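Please walk through the following structure with attention to its charged side chains and to the overall form of its chain.

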Amino acid sequence: MPSRLITTPNTSISENLESVITRIRLASEATGRNDDVTLVAVTKTLSEDPIKLALAAGQRTFGENRVQEAQAKWPSLKASYSDIRLHLIGPLQTNKIRAAVSIGDVIETVDRPKVARALAIEIERSGRSPDCYVQINIGEEPQKSGVLPNEADDFIVECCRNFQLPVKGLMCIPPNGQEPSLYFALLRKIARRNGLPRLSMGMSHDFETAIDFGSTEVRIGTAIFGARSSR
Ligand SMILES: *Cc1c(COP(=O)(O)O)cnc(C)c1O
């Protein structure tokens, strides 16, 4: 009897990637922009196998939200693919800064002076200088990390002037279950008035809206790899 197996996880990850990339292109064409939107494939909780499938399909930019997990998974993958770029997108503790600077190419979640200072010291010490984004708590939610919108300008200036961090952009996660447009528009406004070019906003369920509001990188897990059990 012939095999009745018609789909495998392999094809679905590469197909999902292709369809997400197409949707990103269509959304960015619809805004009339000609700059590229970067797809950050979020691999938190995933083992190496699905990550290797994404690499085989050509994906090179990835996101992890825990430094320790990133440290366990990415050094060997980076040794095999020299053009991988890893974004750290989760809350940072000062005792993980050394590891974060050694593994991260973009640190998206600078959110308080203590972290900014520790990053500055470690960048100086190690000579490695990942791009930094400031995380904004755009919906002013008590359970979320990030700088409050009305404190953003002062904190960005502090990061650039006092700590001389290479701040390139802003990142946010809008409140769950709410229409995200106003939050994306506010993040763009804060970035523009501070002269920051990069905007990390948009996830599986809202990335097309985020691109409409000027996102330059979308962080997408579920739409590529399927549902996670947690986080
Ligand atoms: C998990 C995570 C994502 C990806 O979310 P999906 O809904 O799976 O696309 C994006 N950003 C951050 C900060 C995350 O922690």
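How many Å apart are the mean positions of the positive and negative charges of the chain? The mean positions of the 29 positive and 27 negative charges lie 4 Å apart, where Lys and Arg count as positive and Asp and Glu as negative, His and the chain ends being left uncounted, and where each charge is placed at NZ of Lys, CZ of Arg, CG of Asp or CD of Glu.

The model is a predicted one, in which local features need pLDDT of at least 70 and side-chain atom pairs count only at pLDDT 80 or more, while totals for chains, interfaces and linings use all residues. Residues are numbered from 1 along each chain as its sequence is written, and side-chain values use heavy atoms, with hydrogens and water left out.

The chain has nine helices and eight strands, taken as DSSP runs (H or I of at least four residues for helices, E of at least two for strands) and numbered from the N terminus. Its radius of gyration is 18 Å, which agrees with the value near 17 Å that a compact globule of 231 residues would have; the radius is taken over C-alpha atoms, and the globule rule is 2.2 Å times the number of residues to the power 0.38. Along the principal axes, the C-alpha trace spans about 70 × 40 × 35 Å. Of the 231 residues, 48% count as buried, meaning under 20% relative accessible area, whereas exposed means over 50% and partly exposed lies in between (1.4 Å probe, protein chains only).

A search of the whole structure finds 16 salt bridges, each defined as a side-chain nitrogen of Lys or Arg within 4 Å of a carboxyl oxygen of Asp or Glu. Among them is a network that links E64, E69 and K73. In this network, the closest N and O atoms of E64 and K73 are 2.8 Å apart, and those of E69 and K73 are 2.9 Å apart. E69 and K73 both lie in helix α3 (residues 67-80), four residues apart, or about one turn of the helix. The three residues are buried, with relative accessible areas of 0% for E64, 10% for K73 and 16% for E69.

Another salt bridge joins the side chains of R128 and D105, at 2.9 Å from N to O. This pair links distant parts of the chain, 23 residues apart, with R128 in the loop between α5 (113-126) and β5 (131-136) and D105 in the loop between α4 (97-103) and β4 (106-110). R128 is partly exposed at 27% relative accessibility, whereas D105 is buried at 13%.
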